[in-house]
Amino acid sequence: MKVGVIMGSTSDLPVMQAALDTLEQFGVEVDKRVISAHRAPHALMEWAESAQQRGISIIIAGAGGAAHLAGVIAGLTQLPVIGVPIRSKTLDGLDSLLSIVQMPAGIPVATVAVDGAKNAALLAIEILALHSNELAKQLSDFRRQQTEKVLNTVI
Ligand code: RP5
């Protein structure tokens, strides 16, 4: 079980690192790439069309601005695609969010919050955990610890 993590630019990496770190924390194998949908469309097509054959089960795609990366990938593969809108300089990420979330019917992209890379990884892990008792156990431990942390906070 492998998760593909792709981003449109190395400038997205500081945000997308949270997805990579979370997947690593759960021991999930990652196939990571930087490919821009508009600067390298042919390479993107090759990557997306071969993703399933390369053992990827779910794709997390982060991009900002006119963020068509996740939608284009979703059109090229039947694998579930989770989009991460990256906060942009000019419109604060609203452009990225709307570009990713407003997919026309027929080709879905599951969209997380602006800069929501950690939740993208957790959503991918939840999907993988449907077929992995080990991941399901790790996930419930993670959630229990998170709950305990909230309840044990002294103010
Ligand atoms: C998008 O354009 C990338 O995903 C990035 O968020 C944004 C800016 O890219 P750079 O100009 O920093 O490479 O394609």
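Which residues lie nearest the centre of the largest pocket? In this predicted model, local features require pLDDT of at least 70 and side-chain atom pairs pLDDT 80 or more, whereas totals for chains, interfaces and linings use all residues. Residues are numbered from 1 along each chain as its sequence is written, and side-chain values rest on heavy atoms, without hydrogens and water.

The residues nearest the centre are S9, S11, D12, G64 and G65, out of 22 that line the largest pocket. A pocket is here an open set of points, on a 1 Å grid over the protein atoms alone, where a 1.4 Å probe fits, with protein on both sides within 12 Å along at least five of seven lines; lining residues have an atom within 4 Å of a point. The pocket holds about 450 Å³ of space, the volume being that filled by probe spheres set on the points. Its lining comprises seven nonpolar, ten polar and five charged residues, with Gly counted as polar.

The largest pocket is the space taken by the ligand, a molecule being assigned to a pocket if more than half of its atoms lie within 2 Å of the grid points. Around the ligand are G8, S9, S11, D12, H38, R39, A63 and G64, each with a heavy atom within 4 Å of it. This shell divides into one nonpolar, five polar and two charged residues.

Three side chains place a polar atom close to ligand oxygen (polar contact: a pair of N or O atoms within 3.5 Å): S9 at 2.6 Å, S11 at 2.7 Å and R39 at 2.8 Å. The protein buries 69% of the 360 Å² that the ligand exposes when taken alone, by the Shrake-Rupley method with a 1.4 Å probe.

Definitions and conventions:
A polar contact is a pair of N or O atoms within 3.5 Å; within protein, one must be able to donate a hydrogen and the other to accept it, and residues adjacent in sequence count only if both atoms are side-chain atoms.
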